[in-house]
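Hi,

Here is the model I promised to pass on. Have a look at it first, and my notes follow underneath.

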Number of protein chains: 2
Amino acid sequence: MVTIYDIAKKAGCSSSTVSKALNNSSTISKKRKEEIIAIAKLMGYVPNSNARQLATKNSWSIGILFSEDLNIGLEHHFFGGVLEAFKTYVEDLGYEVTFVSKKVGHQSLSYLEWCKYKNVDGVFIVTVDVDDVNLKELTESGIPIVTVDNGVLNVPTIISDNYQGTRMVLNYLRLKGAKNIAHIAGPMRSFAAQERIDAYRDVLTKAGVEIDEKLIIEANNYDFNSGKNALYQLVSQYGGVPDAIYAASDDIALGAIRALKELGYKVPEDVCVVGFDNIELTKYTSPALTTIAQDKVKIGREAAKHLIALINHEIESTPGIVKRVPVELVIRESTK
Amino acid sequence: MVTIYDIAKKAGCSSSTVSKALNNSSTISKKRKEEIIAIAKLMGYVPNSNARQLATKNSWSIGILFSEDLNIGLEHHFFGGVLEAFKTYVEDLGYEVTFVSKKVGHQSLSYLEWCKYKNVDGVFIVTVDVDDVNLKELTESGIPIVTVDNGVLNVPTIISDNYQGTRMVLNYLRLKGAKNIAHIAGPMRSFAAQERIDAYRDVLTKAGVEIDEKLIIEANNYDFNSGKNALYQLVSQYGGVPDAIYAASDDIALGAIRALKELGYKVPEDVCVVGFDNIELTKYTSPALTTIAQDKVKIGREAAKHLIALINHEIESTPGIVKRVPVELVIRESTK
DNA sequence: TTGTACGCGTTATCAA
DNA sequence: TTGATAACGCGTACAA
């Protein structure tokens, strides 16, 4: 490893002069500076992150909280996409991105301890078990934090505009002539699920439609099988099929469609179905799914922007939703 | 921030004694040790990563090379899943996981420079543009590296057993009575694509089947549209449809199925189609896809194991495939 | 404009 | 068993 001392020796100057040259200080002659930079390059000098951070007390690093305790992880297209956009944005600003861990060497640490250990400038909570005992300690620590929808609400949150999405779905379905529109909600522990069901009620009520509670059902989870089960329950409690179904996720919608097929119904002829997310493959299912597209890239980027602003003290941390990202209605074959 | 000096003051001893207590040295009395640990806990002491790493010259950190220059990224289920399994494994051993970046602060760095800057113990190449000029420098640097299939072959590689998978597909299809079996290969810049097409040729030849070059076609990419286009080309060059199609990825298979439908063919009645990957949603498409399941978790974990062994000098680095992970044939509705 | 000297928080050596 | 003291590599007052 070549250090600034090695360079100093070769350049015939002191280490501090080298340091100045490398950090383009203004208190150094242009000639010396270029000379030193040339030598540094020649010798293959690379600064040492630890020494630099120790001296400056400045980490330029961001922690990612991505818990795999849940059955939702990196491979989940939505969170994966959001994280990628986030990473791209902050790396371009010169930050490094490290996963928050619960261990360092042989020692176990809490999230907060790890963040202090690494002296991260901020944390992006992507997914986390909201019941994790370590979580509260972290969110209340004062370290800049942002999150995307995942139920942690005492932290600045970037989230899709669920109301807008729901309104677009319902208006579209009603325009198409659907009278009774059911809603298969996501699990209520998810904030997005709550927002969507609230919006469903609100939009219909404002449109003068009386809410039929039999048309509402909560899925156990966001996945395919939960959607399938929910559909069976819905048909049973409603005593038949509605004109249309608004599902809280694409996976739920696909599960519902599968159940409908099993029951002998056709989509969209007998029932229209709309999902939420716009995951890649819904383009290719048959019928291709009409859905609300969430803007993963924008969500990730907005989360990054917000976190950087917090880090730079340009804004104050305010718990709850700080940014709503517009969604889009993508019309395909599952509605007519 | 509380340091070992603060603890030393409170405990009435020297900082070096504190250090010993905290690192469970054997040259310290049990009583002192417990006393100091108690005080440290009371004061909320957390060690400083930078200072420790600077002193020990030991980083306990692994870099992840995950390039988003390609149109394949974190949101890709396969690589996302592999990375997650990798991360879980190494974090449990006490390593921290950081994305390799091309910038630090305002300065641009090559991959290798970044790795030196951070002093990482090893690198896991998940995805990368194989033509990246920075890549060679990194792979030849001597830093422990592993990768999974992505075309970088001068590095220890963990990969699915493509031969086994191909053989299972072909045997199965032939058993079902398929005479002419087409292969829609992946792009040849991918090593897995090459392996699969080679296996296709070899297995059939060994079974006494003469290879009909008209039954082979290379898709431009691994995605849906490439599969769709490839199918049209295949039908055109073959002058009809074969009994069965073995596609190099699920996305390709789904694209092919879509094209077949457009042409008025039924799957599996007229043509059987088999994919490769077993991505989540293929369970739910109609027809549900018969495919070869890749074991993402095992691949990620094996990559982790191998890298750790390299880091610990338990093994030597050998370029090329170091581990083949078994695959599994998952039979669903797209074959009969 | 340059160099000296010290601090960042920790580990490690060696003498006490 | 404990405690000075010197690294580790870098940045930065402050003096020259």
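How do the residues of the surface near DNA strand C divide into nonpolar, polar and charged? There are 12 nonpolar, 11 polar and four charged ones, where Ala, Val, Leu, Ile, Met, Phe, Trp, Tyr, Cys and Pro count as nonpolar, Asp, Glu, Lys and Arg as charged, and the others, Gly among them, as polar.

Some housekeeping before the rest. This is a predicted model, with local features needing pLDDT of at least 70 and side-chain atom pairs counting only at pLDDT 80 or more, while totals for chains, interfaces and linings use all residues. Residues are numbered from 1 along each chain as its sequence is written, chains are lettered from A and ligands numbered from 1 in the order in which they are written, and side-chain values use heavy atoms, with hydrogens and water left out.

**The two protein copies**

Chain B superposes on chain A with an RMSD of 0.1 Å after a rotation of 180 degrees and a shift of 0.1 Å along the axis (least squares on the C-alpha atoms of residues with pLDDT of at least 70 in both). The two copies are thus related as by a two-fold rotation axis. The same surface serves both: 98% of the contact residues of chain B recur in chain A (contact means heavy atoms within 4.5 Å).

**DNA strand C**

DNA strand C is surrounded by 27 residues, and the closest are A:Ser16, A:Thr17, A:Lys20, A:Thr27 and B:Tyr45 (a residue is near a molecule or strand if one of its heavy atoms lies within 4 Å of it). Of the atoms of this strand that come within 4 Å of the protein, 64% are sugar and phosphate.

For polar contacts, I took pairs of N or O atoms within 3.5 Å; within protein, one must be able to donate a hydrogen and the other to accept it, and residues adjacent in sequence count only if both atoms are side-chain atoms. The side chain of A:Lys20 has an N or O atom 2.7 Å from a base oxygen of strand C, and that of B:Tyr45 has one 2.5 Å from a phosphate oxygen. B:Ala51 uses a backbone N or O atom, 3.3 Å from a base nitrogen.

The elements giving two or more residues to this surface are helices H2 (15–22) and H4 (49–56) of chain A, plus H1 (4–11), H2 (15–22) and H4 (49–56) of chain B. H4(B) gives the most, with four residues. Helices (H or I, at least four residues) and strands (E, at least two) are DSSP runs, numbered from the N terminus.

**DNA strand D**

Around DNA strand D there are also 27 residues, with A:Ile4, A:Tyr45, B:Thr17, B:Lys20 and B:Thr27 coming nearest. Sugar or phosphate holds 62% of the strand D atoms within 4 Å of the protein, and the rest belong to bases.

Three contacts go to phosphate oxygens of this strand: a backbone N or O atom of A:Ile4 at 2.8 Å, a polar side-chain atom of A:Ser19 at 3.1 Å and one of A:Tyr45 at 2.5 Å. Here H4(A) gives the most to the surface, with four residues. The residues divide into 11 nonpolar, 12 polar and four charged.

**The sheet in chain B**

Chain B has an open sheet of six strands in the order E9-E8-E10-E11-E12-E14, with mixed pairing (two strands pair if DSSP finds at least two bridges between them). E9 (216–218) and E14 (328–330) of chain B are at the edges with a single partner strand each, so one side of each has no neighbour in the sheet. On average, neighbouring strands are turned by 20 degrees against each other, direction ignored.

E8 (181–185) and E10 (244–247) of chain B pair in the parallel sense over four bridges, and B:Ala182 stands opposite B:Ile245 in E10(B). Helix H11 (250–262) of chain B lies across E8, E10, E11 (272–277) and E12 (290–293), at about 155 degrees to E11(B). Axes are lines fitted to C-alpha atoms, for helices over the stretch in contact, and angles run from 0 to 180 degrees between N-to-C directions.

**Backbone oddities**

Most residues other than glycine have a negative phi, and most peptide bonds are trans. The bond from A:Ser286 to A:Pro287 is cis, with omega near 0 degrees, and A:Pro287 is in the loop between E11 and E12 of chain A. A cis bond also joins B:Ser286 and B:Pro287. A:Trp60 has a positive phi, near 50 degrees, in the loop between H4 and E1 (61–66) of chain A.

Cheers
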